[in-house]
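Reader: Please take me through the fold at the bench level. Keep the answers short.

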Amino acid sequence: MVKTPRKRAGPHSALPPGSSPKCRQNWDTPLADTANGIIFPGQRCWARGSSWRDAQVFDWLDEIRTEVYVNVSFRFGTVGSPLATPKKPGGSVGAIVFSRSLGLDALELGWVQAVRVTEETCLAIREAAAAHNVALSVHAPYFINLNADEDEWPRSRKRLMDAAHYGYLAGATDIVFHPGSYFGQERNQVLDRVMRRLEGCLEELRQAGNPVSLRPETMGKSAMVGSLEDVLEMSRLPGVQPCLDFAHLHARTGNGAMNTEDEWARLLEAYGKALGSEALTTLHIHLSGIEYGPKGEKNHLPLAEADLNWKGLFRVLKAFGCGGRILCESPILEEDALVMKQEWEQLSR
Ligand SMILES: [Zn+2]
């Protein structure tokens with residue numbers, strides 16, 4: 001499949017995509033106090049600073065944003081730190097180093113309870129990711145609901161914005177979140193509200209020079225916002241793309257559907273039609289086995305213990321020239337991530 005590489009940023013010269021003109025002005029003005037920091041005082045904005053190390057990190061970030069257009073394939077990793085991550089140095093830095101040692105090259109930071117990270121830690125995470133070439137995303141806290149009532153919404157919003165702000169500082173390019181619940185309300189009305197709120201969040205992020213993609217995840221229960229149609233609708237907003245959780249999509253139906261190559265082919269067709277075929281090369285996928293009942297998801301399972309025909313799914317992804325990241329959410333995280341990677345490599349030979 002022939003891909004046209006996106007225009008590459010010149011070394012050390014361009015802003016991350018989506019940065020505001022306000023940022024550009026500051027970027028071009030050397031500020032003495034940015035040598036050791038990454039944020040201009042009072043601003044949520046990258047500053048390239050003057051150190052050689054910073055320049056290296058930014059070149060790497062430019063590269064992971066564009067590499068899939070040149071060489072379409074998947075990176076593999078886990079959602080949350082691999083289970084056997086050694087205690088030292090531990091944390092996200094340890095998880096990055098350990099992932100790389102296993103042969104994994106992506107990681108979704110599991111900030112699922114709350115965003116509790118300092119800017120200093122974010123710097124260390126970003127540098128480790130660049131040094132080990134591990135592409136990062138963030139799973140934002142579970143307690144986000146874009147359909148929350150007016151009282152609750154500011155707290156939900158802050159969780160999403162914190163994940164995006166600190167995630168970006170940590171070198172993550174994509175912020176995955178659960179969109180929320182319908183609360184039994186009519187879908188159009190819910191989607192209207194969700195889109196309006198999402199648009200407001202994006203506006204604020206872009207004004208702050210933050211170019212992360214927001215990725216609403218397909219959800220495993222039919223009472224939750226997050227059908228394929230829902231996330232494609234949200235992706236009409238520039239800066240929003242789905243996180244395709246194929247286990248959830250399979251469980252959501254409650255009847256075992258979304259488990260054949262035919263169904264996945266139709267899904268990818270719809271995806272390409274909605275977002276453009278280039279978007280198929282930057283997919284963000286969650287994968288695991290799954291147990292489900294009539295109302296959908298019960299719990300995640302290892303691939304070998306579940307009915308999901310994931311090898312068939314891989315064949316379809318291959319046939320459609322897909323690429324991006326596949327993050328494993330099975331209970332045996334890295335073990336299954338490596339099984340997936342191996343299968344993909346075999347298909348790619
Ligand atoms: Zn999730």
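**Helix packing, core and loops**

Author: The cover over the buried residues of α3 includes β1 (74-79), β2 (106-110) and α4. This is a predicted model: local features need pLDDT of at least 70, side-chain atom pairs count only at pLDDT 80 or more, and totals for chains, interfaces and linings use all residues. Residues are numbered from 1 along each chain as its sequence is written. Helices (H or I, at least four residues) and strands (E, at least two) are DSSP runs, numbered from the N terminus.

Reader: What average pLDDT does the protein chain have?

Author: pLDDT is the predictor's confidence in each residue, from 0 to 100. In the protein chain, 83% of the residues score at least 70. Over residues 1-50 the pLDDT is below 50. The average for the chain is 86.

Reader: How many of the 349 residues count as buried, in percent?

Author: A residue is buried if 20 or more other C-beta atoms lie within 10 Å of its own, exposed if 12 or fewer, and partly exposed in between; C-beta atoms are placed from the backbone. By that count, the buried share of the protein chain is 45%.

Reader: Which residues of α3 are buried?

Author: Helix α3 covers residues 91-102. The expected span of a helix is 1.5 Å times one less than its number of residues. For the 12 residues of α3 that gives 16 Å, and its end C-alpha atoms are 17 Å apart, which agrees. Its buried residues are S92, A95, I96, F98 and S99.

Reader: Why do α3 and α4 count as roughly parallel or antiparallel, and which is it?

Author: Axes are lines fitted to C-alpha atoms, for helices over the stretch in contact, and angles run from 0 to 180 degrees between N-to-C directions. The two axes come within 9 Å and cross at roughly 10 degrees. Angles under 35 degrees count as roughly parallel, over 145 as roughly antiparallel, 65 to 115 as roughly perpendicular and the rest as oblique. So α3 and α4 are roughly parallel.

Reader: Which residues of α4 make the contact with α3?

Author: Two residues are in contact if their C-beta atoms, placed from the backbone, lie within 7 Å. On the α3 side the contact uses S92, V93, I96, V97 and R100. On the α4 side it uses A124, I125, A128, A129 and H132.

Reader: Which helix gives the most residues to the largest nonpolar core?

Author: A nonpolar core is a set of buried Ala, Val, Leu, Ile, Met, Phe, Trp, Tyr and Cys residues joined through C-beta atoms within 7 Å. This one has 88 residues, of which A140, A163 and I175 touch the most other members. The biggest helix share is 7 residues, from α5 (residues 153-169).

Reader: Where does N133 lie, and what is its phi?

Author: N133 sits in the loop between α4 and β3 (135-139). It has 15 C-beta neighbours inside 10 Å, so it counts as partly exposed. N133 is not a glycine, yet its phi is positive, near 50 degrees.

Reader: Is M258 buried or exposed?

Author: M258 lies in the loop between α8 (246-252) and α9 (261-275). Its phi is positive, about 55 degrees, although M258 is not a glycine. With 21 C-beta neighbours inside 10 Å, M258 counts as buried.

Reader: Which residue does a cis peptide bond join to K88?

Author: The omega of this bond is about 0 degrees. The partner is found in the loop between β1 and α3. K88 is joined to P89.
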